[in-house]
Amino acid sequence: MIEKNDKIPFKEDNYTHNINRSTERNLDRRGFMKTLVGAAGMFAVSSLPWGVLAAKELSGLSDKRYPMQKIIKVDSLAVGDSVDFAFPGEHDSAILIRLSENKYVAYQNACTHLRCPVFWKKEDGEMLCPCHHGKFDVETGVPIAGPPRRPLPEIYVTVENGSIYATGVKRYEV
């Protein structure tokens with residue numbers, strides 16, 4: 001048989017004697033909503049600086065200037081051939097294709113679906129993404145088959161002093 005401990009200085013049988021129930025906060029629907037709105041407001045205010053930085057970066061993309069970068073000499077690239085290069089950064093893979101005697105096109109060659117590399121298939125005159133059988137129009141970079149929905153980012157090229165140079169990247173509004 002269990003005996004009651006009579007040495008507890010309080011009359012209660014449990015240890016909740018130190019809780020003052022009259023000062024407990026009741027969280028009703030209105031209190032919960034106030035707390036939720038307050039937390040959302042704090043989140044919005046704390047993320048505001050990042051939003052400002054992102055908006056500033058996005059608004060300046062159209063004005064972004066890249067240094068002119070030599071790709072290859074004109075006489076080193078036959079009509080119908082392509083060459084891979086890096087632009088605008090050293091880790092940004094791109095492809096230049098010579099379509100005719102005086103027509104060159106260049107694109108960033110990461111597929112707009114899942115970033116797989118895009119290859120120039122000279123025999124068929126097609127730009128292919130082997131991962132999901134995507135195809136891009138060589139004249140415009142627009143997808144013509146497969147899952148890609150956005151065009152390849154075009155790289156502006158110019159010919160000067162017998163060499164082909166990359167000068168910028170076309171910005172697409174999505």
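Rings of Phe, Tyr and Trp (its six-membered ring) count as a pair if their centres lie within 6.5 Å. Keep that rule at hand for the exercises below, which use a predicted model.

**Exercise 1. Find how many aromatic pairs there are, and classify what you find as stacked, tilted or edge-to-face.**

Step 1. Applying the rule gives a count of one aromatic pair.

Step 2. Let's turn to its geometry. A pair of aromatic rings is described by the distance of the centres and the angle of the planes. For Tyr-66 and Phe-87 the centres are 5.7 Å apart and the planes stand at 65°. Planes over 60 degrees apart count as edge-to-face, so Tyr-66 and Phe-87 are an edge-to-face pair.

Step 3. Now place the two rings in the chain. Tyr-66 sits in the loop between helix H1 (29-59) and strand E1 (69-73), while Phe-87 belongs to the loop between strand E2 (82-86) and strand E3 (93-98). The pair thus links distant parts of the chain, 21 residues apart.

Step 4. Finally, check accessibility. Tyr-66 has 26% relative accessibility and counts as partly exposed, whereas Phe-87, at 1%, counts as buried.

**Exercise 2. Describe the surroundings of Gln-108: is this residue buried or exposed, and which residues does Gln-108 contact?**

Step 1. Locate the residue: Gln-108 is part of strand E4 (residues 104-108).

Step 2. Buried means under 20% relative accessible area. Gln-108 has 17%, so Gln-108 is buried.

Step 3. Set aside neighbours within four places in sequence. The contacts of Gln-108 then include Phe-87, Pro-88, Ser-93 and Ala-94, and also Leu-152, Pro-153, Ile-155 and Val-169. Phe-87, a contact of Gln-108, is the buried ring from Exercise 1.

**Exercise 3. Work out which cysteines form a disulfide, and what becomes of Cys-111 and Cys-129.**

Step 1. A disulfide needs two cysteine sulfur atoms within 2.5 Å. The count comes to one disulfide: Cys-116 and Cys-131, with sulfur atoms 2.1 Å apart.

Step 2. Look at the handedness. The angle about the S-S bond is -110°, and the link of Cys-116 and Cys-131 is left-handed.

Step 3. Cys-116 lies in the loop between E4 and strand E5 (119-121), and Cys-131 in the loop between strand E6 (126-129) and strand E7 (134-136), so the pair ties together parts 15 residues apart in sequence. Cys-116 is buried at 14%; Cys-131 is partly exposed at 36%.

Step 4. For Cys-111, the nearest cysteine sulfur is that of Cys-129, 3.7 Å away, and Cys-111 is in no disulfide. Cys-129 is likewise in no disulfide. Cys-111 is buried, at 2%, and Cys-129 is buried, at 3%.

Key: Residues numbered from 1 in each chain as written. Predicted model: local features only at pLDDT ≥ 70, side-chain atom pairs only at ≥ 80, totals over all residues. Heavy atoms only, no water. Phe/Tyr/Trp six-rings, centres within 6.5 Å; stacked < 30°, edge-to-face > 60°. Helix = DSSP H or I, 4+ residues; strand = E, 2+ residues; numbered from the N terminus. Buried < 20%, exposed > 50% of the residue type's maximum accessible area, 1.4 Å probe, protein only. Contact = heavy atoms within 4.5 Å.
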